[in-house]
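Hello, and thanks for sharing this one. Here are my notes on the ligand site and the two sheets, as numbered points.

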Amino acid sequence: MKYDLIVVGGGPGGLMAAKTAAEDGLKVVLIDRKRNITEINRACMQIFYTHKITGSPETEEGKARADGYINPVSVELLPDKCRFHFPVPGFSLDYDGNLLPYYNWIGLSPSGYQLHRHKPNNKIWAFFYQKEVFLAGLLASAQKAGAEIMPETIGMGAENTPDGVRVRVRGKSGEQTLEARAAIAADGVTSAIVESLGLNKNRKVMTPPFKIIEYEMEGVETNLPRFSLIRVTIPSLNPFGPVGTGLMAEGRVFLWTMTVGTLSPSTILEKFMKHPNFASWFHHARVVKKMAAGGGPGLRTQVREPVAGNVVIVGDATAPVETWIQGAVACGYLAVKAIEKELNGQKGYPEYINWWQKAFAFNDPHYWKVAGIFPINKICSDEEVDYLYSLFQGRVGCDVGLIANNLELIKEGRPELYERIKAVTT
Ligand SMILES: Cc1cc2nc3c(=O)[nH]c(=O)nc-3n(C[C@H](O)[C@H](O)[C@H](O)COP(=O)(O)OP(=O)(O)OC[C@H]3O[C@@H](n4cnc5c(N)ncnc54)[C@H](O)[C@@H]3O)c2cc1C
């Protein structure tokens, strides 16, 4: 066979897999449908998490509401670059782009009551980093180690053979079939490879398709601490999700929101910028770039065993929500290590499956019960959100976690609201 490994998809998971495999001496080809593989044209907050983020640290249910990759990752600042350390599973990556610290994660009600998702204690819980620069570093390392890169090539489906795998691809010169001893599906949330292998059949759809819009903005001025991630909950504006801001390099910020159905996320952002309580943030602001995300089938339950024959799935392709960039990278690394073991006659796939089941919060049995996408925006008015936030003002945790864990407090003050919330949380 021409290749040991075919990697479909050149996001963080696929690029890390190609780099790892090539550096370990495997003959690897990576295909991606994009022309410029590392260019980011989908919305992404580009947050690198250095702490586990909890829904509410007070109870097991609250803790389980954290999503994403749960193994700690750290950042080492060197004179001329940064180094990201992944103690589990055990590798480091250099990065030489911008880095900005996040000290606060603040939830705001319509009138400005605050909840803190992370204890405000001068400790950094995450960084903004540039995904494009990070991915470019992975691509350069993969190419340097000899990985073949095929841009503008779509993976259409995979089938296992007795001694390997065949992947059907379509590029500029037409269709062809690539063959290898193993393949990695890293083609993201709408993975054609996962679909072709039948792994989506038993996945339950949990939400309707959603739409996300993200504006990159200059000149936004809030009265909140500077290095903060902010989420504002205003049901009358967005009955599905929050409006948020996040950090970007060069003093810019992201402004984003998500919706379902016919509601336009851009309309929500435009209205938010004129909202009487928040318009002052935008007096000198200007939109520099707009990016979208979403579509697809909506959030689906995860695949618990992300290996099918000689194909290993990494990153978002079998996840219900985001694995995060760092989680996808860890998947890419470990998928290659598992494949190498199998090629040497050892059992690598059970280890990979076992790690997958433990490394992501969405595999916690509590996750769906608590995450259950408790619709605070849908069942509360603006005034009720103000009331709930004022009740927990200054506490640490996310709004739904604090509410679900303190129902008795709400019962005392607002029995009717308590009944409504109880009906959706139990
Ligand atoms: C709005 C939003 C904000 C986010 N913010 C953050 C954040 O702040 N921090 C964080 O860590 N994560 C964030 N994420 C999540 C993060 O982007 C993903 O978890 C991560 O990118 C998953 O990596 P992946 O390699 O599995 O897939 P992807 O990044 O989706 O990469 C898939 C790759 O496969 C290619 N591809 C797709 N289909 C095919 C095909 N059929 N053939 C060939 N190529 C194909 C695509 O072009 C792409 O390059 C965010 C996601 C969204 C939507």
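1. Which strands does H6 lie across, and at what angle does H6 run to S6? In this model, H6 lies across S5 and S6, and its direction is at about 125° to that of S6. Axes here are lines fitted to C-alpha atoms, for helices over the stretch in contact, and angles run from 0 to 180 degrees between N-to-C directions. Contact means heavy atoms within 4.5 Å. Helices (H or I, at least four residues) and strands (E, at least two) are DSSP runs, numbered from the N terminus.

2. A word on the basis: this is a predicted model, in which local features need pLDDT of at least 70 and side-chain atom pairs count only at pLDDT 80 or more, while totals for chains, interfaces and linings use all residues. Residues are numbered from 1 along each chain as its sequence is written, and side-chain values use heavy atoms, with hydrogens and water left out.

3. The sheet under that helix is open and has three strands in the order S4-S5-S6, with antiparallel pairing (two strands pair if DSSP finds at least two bridges between them). Its edge strands are S4 (74–77) and S6 (91–95). Neighbouring strands are turned by 25° against each other on average, direction ignored. S5 (residues 82–86) is joined to S6 by five bridges, and Cys 82 has Tyr 95 as its bridge partner in S6.

4. Another open sheet of three strands runs S3-S10-S7, again with antiparallel pairing. S3 (47–49) and S7 (99–102) are the edges, each pairing on one side only. H6 packs on this sheet too, touching S3 and S10, with its direction at about 65° to that of S3. Four bridges link S7 and S10 (residues 126–129).

5. Now the ligand. The shell around the ligand holds 31 residues (a heavy atom within 4 Å), and Asp 32, Ile 47, Gly 155, Asp 316 and Ile 325 come nearest. H6 gives the largest share, three residues.

6. Polar contacts (N or O pairs within 3.5 Å) involve the backbone. A backbone N or O atom of Ile 47 is 2.8 Å from a ligand oxygen, and a polar backbone atom of Arg 33 is 3.2 Å from a ligand nitrogen. The protein covers 92% of the 1,000 Å² of accessible area that the ligand has on its own (Shrake-Rupley method, 1.4 Å probe).

Key. Polar contact = N/O pair within 3.5 Å; in protein donor to acceptor, adjacent residues only side chain to side chain.
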